[in-house]
Amino acid sequence: MRDALSDFTGTVRRAVDDYRMIQAGDRVAVGVSGGKDSLTLLTVLAALKEYYPKHFELTAITIDM
């Protein structure tokens, strides 16, 4: 049985494909605040990176005010 994270990763992949959000060689940075939304986005993009046909780099960014 598929879990919620796998389902959400599939939804994100469809959006990335439909809107051509990631191209081969892109560097994607996620601003991580520690909240649920930014951590979920980082986790989903890390999972997507493992099997997405277009290679891209993924970086987490935090800012210490």
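## Helix α1, its partner α2 and the buried residue V32

On the other side of helix α1 from its buried residues, A4 and D18 are exposed, where exposed means over 50% relative accessible area, buried under 20% and partly exposed in between, with a 1.4 Å probe and protein chains only. The model is a predicted one, in which local features need pLDDT of at least 70 and side-chain atom pairs count only at pLDDT 80 or more, while totals for chains, interfaces and linings use all residues. Residues are numbered from 1 along each chain as its sequence is written, and side-chain values use heavy atoms, with hydrogens and water left out.

Helices (H or I, at least four residues) and strands (E, at least two) are DSSP runs numbered from the N terminus. Helix α1 has 15 residues and reaches 21 Å from its first C-alpha to its last, close to the 21 Å expected at 1.5 Å a residue, the expected span being 1.5 Å times one less than the number of residues. The buried residues of α1 are T9, G10, V12 and V16. Seen down the axis of α1, these buried residues fall within an arc of 165°, so they line one face of the helix; the arc is that of the directions from the helix axis to the C-beta atoms. The buried residues of α1 pack against α2, and α1 is followed by R20, whose phi is positive, near 50°.

The axes of α1 (residues 4–18) and α2 (residues 36–51) come within 10 Å and cross at roughly 75°, which makes α1 roughly perpendicular to α2, a term for angles of 65 to 115 degrees. The residues that make this contact (heavy atoms within 4.5 Å) are L5, F8, T9, V12, R13 and V16 of α1 together with T40, T43, V44, A47, L48 and Y51 of α2.

Two buried residues, one in α1 and one in a loop, can be set side by side; their contacts leave aside neighbours within four places in sequence.

| Residue | Place | Relative accessibility | Contacts |
|---|---|---|---|
| T9 | helix α1 | 5% | V44, A47, L48 and Y51 |
| V32 | loop between β1 (27–31) and α2 | 17% | S38, L39, L42, A60, I61 and T62 |

For V32, the contact with T62 joins residues 30 apart along the chain, and the C-alpha atoms of V32 and T62 are separated by 5.4 Å.

Methods:
Axes fitted to C-alpha atoms, helices over the stretch in contact; angles between N-to-C directions. Parallel < 35°, antiparallel > 145°, perpendicular 65-115°, else oblique.
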